[in-house]
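Got your viewer open and a selection tool ready? Here is a short tour, stop by stop.

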Amino acid sequence: MAERNSPALGILSRKSLFSLFTATSLVFLLSWLFVFQSAGGRPRFIDHSLLPNSKLLATLDAAAAANREGRSENEVGPSVGNRSILMDGEEEAGEAPRAKADAKCGSPDDDDSNYNKAALKVYMYDLPPEFHFGLLDWKGEGEGVWPDIRTKIPDYPGGLNLQHSIEYWLTLDLLSSEFTNSSGGRSAVRVHNSNEADVIFVPFFSSLSYNRFSKGNPHQKKSKNKLLQEKLVSYLARQPEWKRSGGRDHVVVAHHPNSMLDARMKLWPAMFILADFGRYPPNIANVDKDVIAPYKHVVRNYADDNSGFDSRPTLLYFQGAIYRKDGGYVRQELFYLLKDEKDVHFSFGSVQKDGIRKATQGMRSSKFCLNIAGDTPSSNRLFDAIASHCVPVIISDEIELPYEDVLDYSQFCIFVRTSDAIKKNFLINFIRSIGKDEWTRMWQRLKEINNFYEFQYPSKDGDAVQMIWQAIARKVPSIRMKLHKSRRFAHHLGHTESGLISFKSPKNFW
């Protein structure tokens, strides 16, 4: 026992272990060198076939360089660059690169575009007229559900009703897609077999229903608007298309912030077309699931705009409701900060008493137009400013913007945080610091993109109707993935109908 624990044996044991470790390391090193040499000078720890090759990277670099250098010789360069307000009040130096997709947004003339290679296939329910054109006092003949829009199109009410008329234009576009002589560049076509469709469109004129029929009368327990929503939910629940997907592939337009107030909580799996998310819980409506659509501007588009920096005497323009609730408190704050500035127009206004004509003149004679949060994050004023080529100054921290995944708004809008805007002299000094060259660059960009916000019939390539269909189409892969994942264990659940899916209501959505 004494010999086994002797110091000499301990030293010998440690030397043996050290020698074994050294020999093992040497063998490993020689093996590694052999692998390195046989691999042509690099170890095969990574499958390099999965990495981007140099040719692809060179192509991307060349495309980026072409974008940077492709500006017209007559285009005015920025004096400062992107004027969005950054975290510490700093300004971002340099102009954001103008991507090809931003410039054309899926025009069929662009060979690289993916947006119009295949039209979105849309199945539209043949809802009874009381849900759509019947709200416009149209009466069909016999059992006809739709008007013959080749002979006469039912008129939509004017004024502020028009700003939320999105479902009207989308429905007209789907009906016209069935004509053999419909023009090219179409982003969506109607199909009559729901199994062939990418999405299912619900043609309920919900904003019109709210504007016209949300107030009841003493002889009714419920308003017509509420009754229509109840009928719609009941109708959809019976449809095999809704049962098949749980509503995930359905498109429901609820552009007015107060439209679909009752039905939205029951139809929440569907894709909503909205003005903003101001009155929606985030798990009922959000930017991942839903689509933001522009308002239809109420001022006329500024065609043949030959104005310029020096010919627009008003620096900053706002006309509208000043005292608002919720996030709109900032309007009142800014009114008191700006009302005495000599080249600022900040006053109350409405569509009544020639208000639209006055707003048109005011915006066309102004360099910058304020778009301030009101009762909701968005307002039609932004799109009136775009139509007037008056550079928008957006003060709305929670705003979501149409097509922002393909369109860089910092190229033609100024963004200011609310907390900065209400600081004394901050906003007016900031606006005054924007020079003629930078303003002219943004004004030119406004003229390039204003067609993306035009609603018209018949719809034309690149207008608001086509842009909305394209935005919906970009959601389709995500919808399909969610549907496919939801069916993974469908065979284990004992459904009597193949593919039948139901979704539980979200918890704690308030």
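Start by selecting S206, S209, Y210 and F213 in α5 together with K224, N225 and L228 in α6: these are the residues through which the two helices meet. Bear in mind as you click around that this is a predicted model. Sorted by class, the α5 contact with α6 comprises 3 nonpolar, 3 polar and 1 charged residues.

Now show both helices as cartoons, α5 over residues 206-213 and α6 over residues 224-238. Their axes are 8 Å apart, and the packing angle is about 150°. Since angles over 145 degrees count as roughly antiparallel, that makes α5 roughly antiparallel to α6.

Stay on α5 and colour S206, S207, L208 and S209, which are buried. What do the buried residues of α5 pack against? Bring up α4 (166-176) and β4 (250-253) alongside α6, and you have the partners.

Next stop: D198. You'll find D198 in the loop between β2 (188-191) and β3 (199-202). Show side chains here and pick out R480, because there is a pair to look at. The side chains of D198 and R480 are joined by a polar contact of 2.5 Å. For the wider surroundings, leave aside residues up to four places away in sequence; D198 then touches A119, L120, K121, D249, V476 and R480.

Now go looking for sulfur. How many disulfides are there? The count comes to 1, and C369 and C390 are the cysteines it joins, with S to S at 2.2 Å. C369 sits in strand β9 (residues 366-372), while C390 is in the loop between α10 (381-387) and β10 (391-395), so the disulfide ties together parts that are 21 residues apart in sequence. If you set up a dihedral about the S-S bond of C369 and C390, expect about 105°, so this disulfide is right-handed. Buried or exposed, these two cysteines? Both C369 and C390 are buried.

While you have cysteines on screen, click C413 too. C413 has 0% relative accessibility, so it counts as buried.

Last selection: T314, in strand β7 (residues 314-319). T314 has a relative accessible area of 17%; the cut-off for buried is under 20%, so T314 is classed as buried. Which residues does T314 touch, not counting residues up to four places away in sequence? Add D343, H345, S365, S366 and K367 to the selection to see them.

Definitions and conventions
Residues are numbered from 1 along each chain as its sequence is written. This is a predicted model: local features need pLDDT of at least 70, side-chain atom pairs count only at pLDDT 80 or more; totals for chains, interfaces and linings use all residues. Side-chain values use heavy atoms; hydrogens and water are left out. Axes are lines fitted to C-alpha atoms, for helices over the stretch in contact, and angles run from 0 to 180 degrees between N-to-C directions. Helices (H or I, at least four residues) and strands (E, at least two) are DSSP runs, numbered from the N terminus. Angles under 35 degrees count as roughly parallel, over 145 as roughly antiparallel, 65 to 115 as roughly perpendicular and the rest as oblique. Contact means heavy atoms within 4.5 Å. Ala, Val, Leu, Ile, Met, Phe, Trp, Tyr, Cys and Pro count as nonpolar, Asp, Glu, Lys and Arg as charged, and the others, Gly among them, as polar. A polar contact is a pair of N or O atoms within 3.5 Å; within protein, one must be able to donate a hydrogen and the other to accept it, and residues adjacent in sequence count only if both atoms are side-chain atoms. A disulfide is a pair of cysteine sulfur atoms within 2.5 Å. Buried means under 20% relative accessible area, exposed over 50%, partly exposed in between (1.4 Å probe, protein chains only).
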